[in-house]
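I opened this entry to record what I looked up on strand pairing and helix packing. The model comes first, my notes follow.

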Amino acid sequence: MAPSSGEYLPTIDPMTAEPWAEIARGGADDVDRAVTAAHEAFGAWRRVGPSARAEVLWKLGDLIAEHADELAGLESRDAGKVIREVRGQQVALRNWYHYYATLAHHREGRQVPHDSESMLAVTVREPYGVIGVIPAFNSPMMLGAMGLAPALAAGNTVVVKPPEVNALSLLLLGRLAKEAGLPDGCLNIVHGYGHEAGDALVGHPLARKIFFTGGPESARAVTKRAASGLKPTVLELGGKSANIFFEDVDVDKVVNGVLAGIFAAAGQTCVAGSRLLAHHRIADQLVKAIAERARQIRLGDPTSAATEMGPLSQEKILTGVRSRVDEAIGEGAELVVGGPGARIPDRGWFYAPTVLDHVTNDMSVARNELFGPVLSVIRFGDEEEAVSIANDSPFGLAGGVWTADLRRAHRVARSLEAGTVWVNTYRALHYGTPFGGTKNSGYGRENGIDGFAEFTQPKSIWFESSAEPMADPFVLR
């Protein structure tokens, strides 16, 4: 459907810095039509049995996998992510949708014991209604699935506002959902700017709950707007995650754990292990090994299977990364590899894999999320200091612990203020494991049983089986 404004927005190829497609510039009128359609569809969809809802989601998962190449091609070109990663995500989404399909059968309530033999109290879990889902640009299909799939499985209907950058894959998803048999109105997609279409969705009185993925500043605007309508939100925001390496690790075997944390997806991931905390006994050796591997990372066309790191998705992100690295060097950080003047492809919004050593935790580069391929190395002397540095951050999304000492791994993992902690690995994700942050990294959870519970709310129902007249009406039962 054409946008009410009749206007379209260019979507830019990060390799050429030129427009290659257009998306609709949706506004308040378009959002109102979408939410109204979702609200009207909700009455019927909520009464569809779990088996039928599961069947639709199961088929949708199969269709996503069948169209993995097309979906991956869209996200790779639209955001500069390497095709090997985004294709793997699309294929994996089949399992995500299948998992949520099974959860359609687990919207279970319970019986609550009561002292009265004639009184029965039960709970049922009911869907909210229209759910607003606003995913981030770096993985819109994956992040979108964390909201829309469980929402539909639980009996809600959904309006998705894709990111302005990397919006096309979700448009294709809408067509696949229709092919899978999802009734009209259950899934609605409105493209446009966040301050226009996004704001209208968050503020719409018929949108009952909002799931937002993005940065803290945008989240503040979202929560303020949602608060005006007294509606709950789930926020999955950014991070400045600490990836901690203790002195007992085998340096040669853990280098890929560092790379996975910061250079995968060109650092454009909320869980990026951008703060490398290295024990002083192994710091020199570890930094040297990382630098050697960073120099070998193949930069280039993200749609090529040989490419390991593509361009940054947006020019403003590139500008911010350049500025923050220059600032860090000026504050005393040591540039080991990458940075200003590093060799990069002739075209595209590239920034070379960069390692900054001797960073202190009070530097701006250690406090703020860059969303780029920049690793800040902070050295520590003992376990207590490592935990203190890691937790001295406004963020709390993720963290990594690398050690051969299992007891230490347990202590540190429990001590870190983060929603997810990986031990001797990094950047693992699974549909059955809850995901979310603490502090400025957001609240609420996605994925797993905990995430599914976010899409329903409990209702208490009381039954009195006694035929006797009600006792004193002025006393609580």
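I began with one residue pair: Val-133 stands opposite Phe-211 in strand 8. Val-133 belongs to the pairing of strand 5 (residues 130–134) with strand 8 (residues 207–213), which is parallel and has five bridges. I count two strands as paired if DSSP finds at least two bridges between them. Helices (H or I, at least four residues) and strands (E, at least two) are DSSP runs, numbered from the N terminus.

I noted the ground rules. This is a predicted model, in which local features need pLDDT of at least 70 and side-chain atom pairs count only at pLDDT 80 or more, while totals for chains, interfaces and linings use all residues. Residues are numbered from 1 along each chain as its sequence is written, and side-chain values use heavy atoms, leaving out hydrogens and water.

**Whole chain**

I listed 15 helices and 20 strands in the protein chain. The C-alpha trace spans about 80 × 55 × 40 Å along its principal axes. I then checked the radius of gyration: the protein chain has 24 Å, which agrees with the value near 23 Å for a compact globule of 477 residues. The radius is taken over C-alpha atoms, and the globule rule is 2.2 Å times the number of residues to the power 0.38.

**Six-strand sheet**

Which order do the six strands of the open sheet follow? I read 7-6-5-8-9-19, with mixed pairing. Strand 7 (187–189) and strand 19 (442–443) are the edge strands, each pairing on one side only.

Two helices lie on strands of this set. Helix 5 (residues 140–153) lies across strand 5, strand 6 (157–160), strand 8 and strand 9 (233–236), and runs at about 155° to strand 6. Helix 6 (residues 168–179) lies across strand 6 and strand 7, at about 155° to strand 7. Contact means heavy atoms within 4.5 Å. Axes are lines fitted to C-alpha atoms, for helices over the stretch in contact, and angles run from 0 to 180 degrees between N-to-C directions.

**Three-strand sheet**

I found another open sheet, of three strands in the order 3-4-20, paired antiparallel. Its edge strands are strand 3 (110–112) and strand 20 (456–464), each pairing on one side only. Neighbouring strands of this sheet are turned by 30° against each other on average, direction ignored. Three bridges join strand 3 to strand 4 (residues 119–127), and the two run antiparallel. Val-112 has Ala-121 in strand 4 as its bridge partner.

**Helix 4 and its partners**

I took helix 2 (residues 50–66) against helix 4 next: the angle is about 175° and the axes are 7 Å apart. That makes helix 2 roughly antiparallel to helix 4. The cut-offs are under 35 degrees for roughly parallel, over 145 for roughly antiparallel, 65 to 115 for roughly perpendicular, and oblique for the rest. Trp-58 and Leu-60 are among the helix 2 residues that meet helix 4, where Tyr-97 and Tyr-100 are included. The contact of helix 2 with helix 4 divides into 11 nonpolar, four polar and two charged residues. Ala, Val, Leu, Ile, Met, Phe, Trp, Tyr, Cys and Pro count as nonpolar, Asp, Glu, Lys and Arg as charged, and the others, Gly among them, as polar.

How do the axes of helix 3 (residues 68–79) and helix 4 (residues 83–103) cross? They come within 8 Å and cross at roughly 135°. That makes helix 3 oblique to helix 4. The contact of helix 3 with helix 4 has six nonpolar, four polar and three charged residues.

**Helices 13 and 14**

Helix 13 (residues 383–391) and helix 14 (residues 406–415) pack at about 25°, axes 10 Å apart. That makes helix 13 roughly parallel to helix 14. Glu-383, Val-387 and Asn-391 of helix 13 make the contact with Arg-408, Arg-411, Val-412 and Ser-415 of helix 14.
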